[in-house]
Amino acid sequence: MGKTLPQRWDLDVLFPGGSESEPFRSFLGLLETDIASLKARVDQSDLAWNEKNTFLQVVDEVQSIAVRVRQAGAYISCLTAQNVKDEQAKLLGGRVKTISANFGAALTGWEERLVSIEESAWKALLAEEDLQPIAFVLEERRRRAQEKLPPEQEVLANDLAVDGYHAWQDLYNAVVGRMTIEIELDGELKQLSVGQAANLMSHPDRAVRAQVFAKWQEAWGKETELCAQALNHLGGFRLSLYRHRGWDSVLREPLDIGRMQEKTLDAMWQAIENRKDRLVAYLERKAKLLGIEKLSWYDVSAPVGKTHKKVSYDEAAELIVEHFNRFNPNMASFAQQAFDEAWIEAEDRPGKRPGGFCTSFPVSKQSRVFMTYAGNASNVSTLAHELGHAYHQQVMWDLPPLAQNYAMNVAETASTFAEMILADAAVKNAANDDERLVLLEDKLQSVVAFFMNIHARFLFEKNFYEQRKNGLVSAAELDRLMLEAQESAYKGALAEYEPHFWASKLHFYITSYPFYNFPYTFGYLFSMSVYARALAEGESFAAKYDALLQDTGRLMVEDLAKKHLGEDMTSVDFWQAAVDLAVADIEEFLRLTEEA
């Protein structure tokens, strides 16, 4: 690449001035005006909603506003992630939440109009050529509107959620933002952010990991009462809303958002359960390699082998572009653009929120990636993962905005696919068995995360909601539920678990997507199937891959698999084949470490 790549993202090209940006405030002002105009239009009782031109005009208006609401939300996400103490950004975030709520109210009114259109007129509208690319989405919106409360009640719930439901997520973010974890490292006391401390859980020195884990537990233990309040009220809001809608299952909403059947979810977990014994064998072998009787929670991400080289950010970028190029030159050139044009916030500094994400700016047709890059193999994987998200969005830009709204489960397919390209290539190109072992072990950490850690989160949430139906759940009881879920998901393979995980994991507090866990495992396994097909078909599959991604916003996942892979997703056999591809890596790991 020839030059040092920027490790701070460029947001000024989107809205100059950060949280003081006047262009952003003007953007929000116009957005507020246009939403009010849309609301007034959908409230008109004399509009002929089954008339083609009127219908198309409103659809265009909805899509124009939708991309700008996404643009505003993405910008706020970036500002608050890069500096958790940016108070001005938090205030702007409150304004954007109100804008989103007002748009939601207008959409509820619009959807009421969709429901009011007589069936034969509705079919005639969907048959219009202009609406063919979004017919699936319009049908979906009409159906969902029919299954909800009367519009005025949905609008009220939506408005109350701004200072109720969503506010509990804001409280959680404030708790994380103020937290620091004091660690002694190399003889020096350091005040670390939650994200920086999390990175040390994969430190090669067990004493460091144990210290970080103890301090982590201590820090989160002080916040469990506040976190329990937030989690209880988030759960309580959902349960109340579901009850009033007449929904009897907490999985109904996440499954509907993911456009998938419960039968598909059950088949996926069953296939994983069928091979949990091999994951236990891997964890037992890893314990022996680390010279301990049984792994503790903080050992799961520990490196093995003698090769623990750091990978610079520039080296990681070069690897990603090189290996993307072998599969699809379009992916490689896109990644190169993201690195060169500072679309990635990777700098390791205090004050950033933990974790990684990709967000997109549909008005600008650009994406941004957020992470904290510390130079370990996991960071390289995260970087490839988030760039996979960004590429997925890149191939969607030419579709109508309503057809770009793909759910999290298929979104995780593209990201995990990108991660696999890199991980697989690295293992194959390893210089020796020790390096191969280190790289293979990094892949297997992902397998444990998707098959065990995320399964534990899923089990915890199911059990939490069952208890929450009977009243508030105490912090101590949340600890117990978390330990019970972890012991079940890990099949008792660990000596020590993380009881405060329910508090420390951001995903439990995200209000935009309930059960923010199983889509990761879905995406991982679906991407395994797609990756196997890519290996079998070679270069010709690149175009098919792009076509599959483009359909992710306008098909049920079962139909997506049938159309592009010819597979039945409701069958355990489909998922078992993907699970067994991951298990093959475990068997190779066990073979390489037999003598050790």
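Hi everyone. Let me start with a term: a residue is buried when its relative accessible area is under 20%, and partly exposed when it lies between that and 50%. Please keep in mind that what you see here is a predicted model.

With that in hand, let's look at two cysteines. C78 has a relative accessibility of 0%, so it counts as buried. C358 comes out at 21%, which makes it partly exposed. Why don't C78 and C358 form a bond? The sulfur of C78 has its closest cysteine sulfur in C358, and that is 9.1 Å away, too far for a bond. Going the other way, C358 has C78 as its closest partner, again at 9.1 Å. A disulfide needs the two sulfurs within 2.5 Å, and the count for this model is zero.

Now, the overall picture. The protein has 24 helices and five strands. Its radius of gyration is 24 Å, which agrees with the value near 25 Å for a compact globule of 596 residues. Along the principal axes, the C-alpha atoms fill a box of roughly 80 × 55 × 50 Å. Of those 596 residues, 56% are buried. The exposed surface is about 24200 Å², with 49% supplied by carbon and sulfur atoms.

Finally, one helix to find on your screens: α16, residues 377-394. From first C-alpha to last, this helix reaches 26 Å, close to the 26 Å expected for its 18 residues. Of those residues, 14 are buried, so α16 is largely enclosed by the rest of the structure. At its start, a side-chain oxygen of N376 comes to within 3.2 Å of the backbone nitrogen of S378.

Thanks, everyone!

Methods: Residues numbered from 1 in each chain as written. Predicted model: local features only at pLDDT ≥ 70, side-chain atom pairs only at ≥ 80, totals over all residues. Heavy atoms only, no water. Buried < 20%, exposed > 50% of the residue type's maximum accessible area, 1.4 Å probe, protein only. Helix = DSSP H or I, 4+ residues; strand = E, 2+ residues; numbered from the N terminus. Expected span 1.5 Å × (residues − 1). Polar contact = N/O pair within 3.5 Å; in protein donor to acceptor, adjacent residues only side chain to side chain. Rg over C-alpha atoms; globule rule 2.2 N^0.38 Å. Areas by Shrake-Rupley, 256 points an atom, 1.4 Å probe, with all protein chains shown as cover.
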